[in-house]
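Welcome, and please open your viewer. We will go from stop to stop, and at each one you can select a few residues and look at what surrounds them.

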Amino acid sequence: MIGAMLHWMTAGESHGEALTAVVDGVPAGVEITSEDIREALARRRLGHGRGARQSFERDELRILGGIRHGRTIGSPVSLQIGNSEWPRWSTVMSADPVEAEALLVDAGTGDERELARNRPLTRPRPGHADLPGMLKYDLPEARPVLERASARETAARVALGAVAEALLAQVAGIRLVSHVVRVGTVALPEDVAAPQPQDTARLDADPVRCTDPATSAAMVSLIDEARKAGDTLGGVVEVVATGVPVGLGSHVQADRRLDARLAGALMSIQAVKGVEVGDGFAQAQLRGSAAHDEILSVRSGGVSRASNRAGGVEGGISNGSPVRVRAAFKPISTVPRALRTVDMATGEEATGLHQRSDTCAVVPGAVIAQAMTALVLADALTDKTGGDSVVQARSSLVSYLDRVAERTRW
Ligand SMILES: Cc1cc2nc3c(=O)[nH]c(=O)nc-3n(C[C@H](O)[C@H](O)[C@H](O)COP(=O)(O)O)c2cc1C
Ligand SMILES: C=C(O[C@@H]1CC(C(=O)O)=C[C@@H](OP(=O)(O)O)[C@H]1O)C(=O)O
């Protein structure tokens, strides 16, 4: 994974017994409870446009290591997110071999869907990992591919993101917020101010995590229309991090550039196909005289800028302005009005497999993008401060910022 100080990884399948997540390198003394992580997991489940699965499946969090009495202890933080639906999938997803006949029974429910989940999935969906995954891993059907490609894995990332957010807040006072700026053709008007971290509860309460009520209503209608038409939608999310000190990341090496690390992390989210730092794409149309953030004053460590088009990063280094990034999600690839494909069992023309799906996953996408941004910033922060404990990391940051202030006292 891109990063230097924090190493993290997830494992587990979409319909497996549990996801697991481990992050190593978290300093001791970060205050975090299972309630904080549960809150983040619940936030990822919000949003208009999700399929039925969100309504019945539950994330069952357990903290297995690295936290004691509500504080990290410096050892790897190990989290497990059990899937409440596991009993219904324990045969299909059994780790040990099962009799072929076991896959042909419907677990006694008489439910046609029970049988459907056991059938080999041989009609790969255009846009999903099905076909390249089957060919790469030499698999006769898509189940083993889609189980891991599925964005259920992002529950594990969001849980890790909660740990990263606690670290950021407690070492440096950095806070994050995420919101939806586009669903399909409906975009948040450019003159609407970006939300602040203290707006999180209000955004949680909005069905599409949008800061403007009129735009939110139009987004909801568009999602409903798409669902009725048997179609799906994508969109764009934005994450803003405030309180980021100048000096995270570096210009000196490609893989240390903060913008590159943010872009890689956001692009790693399922269905993200575009990333923007600050005004990224819009800046390409401007002249230099209109594109940059003029420096109005630098005094005692405080920098005043005329704007923040750069999104808080210059030369791969945070510049003290809020970090602002966007990610573009393509429309969900399991389109109910299924697309043309080939049945990999016969070579015949077919339509893509479809059992159920989300219509639009941009709302959880915003929460996931926030978690990824937090992980990158926490990595860059601990890289800058070092320190095995929050107290050490904080005092290293304070002494560095004192020096910055000293250098800029005129
Ligand atoms: C929160 C979330 C939910 C998603 N739900 C679905 C879904 O229900 N059906 C689907 O086909 N893809 C869904 N996706 C997208 C796929 O996971 C993704 O397109 C697939 O793994 C292929 O990867 P790629 O799009 O990054 O190339 C979802 C993505 C996210 C972030
Ligand atoms: C389970 C989650 O998202 C899933 C992500 C996903 C995909 O293909 O990415 C497909 C859907 O699952 P299924 O195809 O089994 O209905 C989503 O529900 C989740 O986010 O918790």
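Which residue in β6 stands opposite alanine 21? Select both: the partner is leucine 79. Before going on, note that this is a predicted model, in which local features need pLDDT of at least 70 and side-chain atom pairs count only at pLDDT 80 or more, while totals for chains, interfaces and linings use all residues. Residues are numbered from 1 along each chain as its sequence is written, and chains are lettered from A and ligands numbered from 1 in the order in which they are written.

**Stop 1: strand β6 and its partners**

Colour residues 77-83, which form strand β6. Strands here are DSSP runs of E with at least two residues, helices are runs of H or I with at least four, and both are numbered from the N terminus. In a regular strand the side chains alternate between the two faces of the sheet. Look for this in β6: Val77, Leu79, Ile81 and Asn83 point to one face and are buried, while Ser78, Gln80 and Gly82 point to the other and are not buried. A residue is called buried if 20 or more other C-beta atoms lie within 10 Å of its own, exposed if 12 or fewer do, and partly exposed in between, with C-beta atoms placed from the backbone.

Now add residues 18-24, strand β2, which runs antiparallel to β6 and is joined to it by six bridges. Strand β3 (residues 59-65) also runs antiparallel to β6, again with six bridges. Two strands count as paired if DSSP finds at least two bridges between them. In β3, pick aspartate 59 and you will find asparagine 83 of β6 opposite.

**Stop 2: serine 84**

Step along to serine 84, in the loop between β6 and α3 (86-89). Is serine 84 buried or exposed? It counts as exposed, because it has 11 C-beta neighbours inside 10 Å. Leaving aside neighbours within four places in sequence, serine 84 is in contact with Glu57, Arg58 and Glu60; contact means that the C-beta atoms, placed from the backbone, lie within 7 Å. Try a distance too: the C-alpha atoms of serine 84 and alanine 18 are 8.9 Å apart, with their positions 66 residues apart along the chain.

**Stop 3: two arginines from a record**

Select Arg44 and Arg50, where UniProt (unreviewed entry) places the feature "binding site". UniProt positions are given in the numbering used here, feature names are shortened, and annotations may be inferred rather than shown by experiment. Arginine 44 is in helix α1 (residues 34-44) and is buried, because 24 other C-beta atoms lie within 10 Å. Among the residues it touches, beyond four places away in sequence, are Thr154, Val158 and Pro364.

Arginine 50 is in the loop between α1 and α2 (53-56). With 18 C-beta neighbours inside 10 Å, arginine 50 is partly exposed. Its contacts, apart from neighbours within four places in sequence, are Asp358 and Ala361.

**Stop 4: the ligands**

Show ligand 1. Which residues come nearest to it? Of the 21 around it, they are Ala151, Gln270, Thr334, Asp358 and Ala361. A residue is near a molecule if its C-beta atom, placed from the backbone, lies within 6 Å of it. This shell has nine nonpolar, ten polar and two charged residues. Here Ala, Val, Leu, Ile, Met, Phe, Trp, Tyr, Cys and Pro count as nonpolar, Asp, Glu, Lys and Arg as charged, and the others, Gly among them, as polar.

Then show ligand 2, whose surrounding residues include Ser14, Gly51, Arg53, Arg152 and Arg356. Its shell divides into two nonpolar, five polar and four charged residues.

**Stop 5: the largest core**

Select Ala159, Val163, Leu375 and Leu377, which touch the most other members of the largest nonpolar core, a group of 88 residues. Helix α13 (residues 362-385) gives the most to this core, with 15 residues. A nonpolar core is a set of buried Ala, Val, Leu, Ile, Met, Phe, Trp, Tyr and Cys residues joined through C-beta atoms within 7 Å.

**Last stop: a five-strand sheet**

Finish with the open sheet in the order β8-β7-β9-β15-β10, with antiparallel pairing. Its edge strands are β8 (186-187) and β10 (272-277), each pairing on one side only. Five bridges join β10 to β15 (residues 323-329), and valine 277 stands opposite valine 325 in β15.

Key: Contact = placed C-beta atoms within 7 Å.
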